[in-house]
Amino acid sequence: MNRHVRTAALTAATAMALSAALAAPAVAAGPVAAPGGHAATERAVRAAVADGVPGVTVTVRRGHGTWAATAGVGDLKRGTPRSARDHYRIASISKTFVATVVLQLEAEARLSLDDTVEQWLPGAVRGNGHDGRRITIRQLLNHTSGIFDYLEDPGFQQTYMTAKGFLKHRFDEAAPEDMLAIAMRNEPYFEPGASFAYSNTNYLLAARVIEKVTGSDDYGDEIDRRIIAPLKLSSTSVPTRVTLPRPGSRAYSKLARTDTGPTYDVTELNPRLAYGSGQMVSSSADLNRFYSALLRGRLLPPEQLKEMKTTVPSSRDTSRYGLGLVDRKLGCGVHVWGHDGGIYGSNSDVVTSEDGRHSLAVNFNGDWSGSTDAIIEAEFCAK
């Protein structure tokens with residue numbers, strides 16, 4: 001899931017969260033404090049809580065140093081603070097992991113980005129104008145396939161994105177084929193390659209391609225073997241259980257298109273509904289390590305990293321979309337690479353400089369307010 005879905009379908013803080021906003025963030029330095037000040041970043045973190053986010057955790061990695069800050073609360077009932085070590089659902093940030101595995105398979109000559117979806121998943125993309133014989137793997141990864149996003153189906157939204165629907169169906173068992181069938185009930189957005197439209201269905205299919213190419217029962221096994229284990233990402237997983245690992249904060253949502261009304265605890269849910277588009281769990285430190293390694297060429301050969309960074313215009317004027325990787329131009333002109341992600345009760349963002357030496361990962365445990373953009377701008381643009 002991503003920001004445009006979150007604001008359309010997943011969008012006040014309690015008095016406890018508001019009182020927490022009055023306190024400065026708790027700052028935790030790593031073994032070697034990152035050089036340079038972070039006063040503007042601290043102010044932006046504090047502002048997010050003042051805006052209504054229950055709690056924020058952010059970690060910065062610069063060179064060999066790290067810096068972290070938290071603000072607000074991780075549990076509205078108990079008033080316990082957030083932790084810099086919190087696990088959280090990273091939603092669409094998962095797409096970068098999936099795209100990295102696909103590109104590794106290309107580097108191994110086990111597939112081509114110009115292969116059609118039909119070659120690997122015969123008959124999977126058919127109906128109402130969809131045709132997998134005309135869509136390439138590259139078009140899945142850069143969202144130029146035109147395939148309908150199953151999250152935008154009215155029936156899916158009614159079942160899973162309203163308060164009544166979510167509370168009834170949050171633990172539903174649904175196969176990827178069920179989500180794909182929902183997408184195929186709708187017409188494509190455009191002819192393959194004609195434009196850009198962010199679609200979570202693209203990465204459901206990309207995950208299925210990984211399974212078909214490798215013979216794995218689950219695409220998550222390949223992410224674990226190829227990325228998580230080599231980088232020693234001890235807080236990162238492709239989970240099937242409904243709970244979050246510890247340490248972790250509670251996740252909160254309004255489950256409505258408003259920032260008022262009841263606040264629901266949505267921490268427990270079945271992440272398999274998101275599948276390759278947003279199933280994963282991680283931490284800020286792990287995300288910084290992953291994106292830093294990716295941009296520094298530790299996970300992909302130069303040719304594949306260049307392909308990943310070859311972008312197309314996206315739906316946002318300030319960013320362009322590569323293969324599971326976003327090139328974002330900040331207000332000060334600085335370019336950073338990364339991805340954002342939003343799922344029930346969790347709003348996350350991670351970016352890194354092109355050389356991989358300066359990274360930031362941030363998470364809000366509420367999905368209706370606050371700006372991760374402001375925190376990123378403060379870190380990379382403040383003088």
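The side chains of T267 and R250 are joined by a polar contact of 3.3 Å, a polar contact being a pair of N or O atoms within 3.5 Å in which, within protein, one atom must be able to donate a hydrogen and the other to accept it, and residues adjacent in sequence count only if both atoms are side-chain atoms. A polar contact of 2.6 Å also links the side chain of T267 to that of D265. The structure is a predicted model, in which local features need pLDDT of at least 70 and side-chain atom pairs count only at pLDDT 80 or more, while totals for chains, interfaces and linings use all residues. Residues are numbered from 1 along each chain as its sequence is written, and side-chain values use heavy atoms, with hydrogens and water left out.

T267 is located in the loop between β8 (264-265) and β9 (281-282); helices (H or I, at least four residues) and strands (E, at least two) are DSSP runs, numbered from the N terminus. T267 counts as buried because its relative accessibility is 3%, where buried means under 20% relative accessible area, exposed over 50% and partly exposed in between (1.4 Å probe, protein chains only). Not counting residues up to four places away in sequence, T267 touches R89, R170, V242, L244, S249, R250 and A251, contact meaning heavy atoms within 4.5 Å.

A second buried loop residue is L233, with 2% relative accessibility. L233 belongs to the loop between α11 (219-231) and β7 (252-253). Apart from neighbours within four places in sequence, L233 contacts F97, I227, I228, D286, R289 and F290. The C-alpha atoms of L233 and T214 are 22 Å apart, with the two positions 19 residues apart along the chain counted as their separation.

Helix α10 (residues 200-214) has 15 residues and spans 22 Å from its first C-alpha to its last, close to the expected 21 Å, the expected span being 1.5 Å times one less than the number of residues. Of the 15 residues of α10, 13 are buried, so the helix is largely enclosed by the rest of the structure. G215, just after α10, takes a positive phi of about 80°.

The structure holds one disulfide, defined as a pair of cysteine sulfur atoms within 2.5 Å. The disulfide is formed by C332 and C381, with their sulfur atoms 2.0 Å apart. C332 lies in the loop between β12 (326-329) and β13 (335-343) and C381 in helix α14 (residues 372-381), so the pair ties together parts 49 residues apart in sequence. The S-S torsion is about -60°, so the disulfide is left-handed. C332 is partly exposed, at 40% relative accessible area, whereas C381 is buried at 16%.
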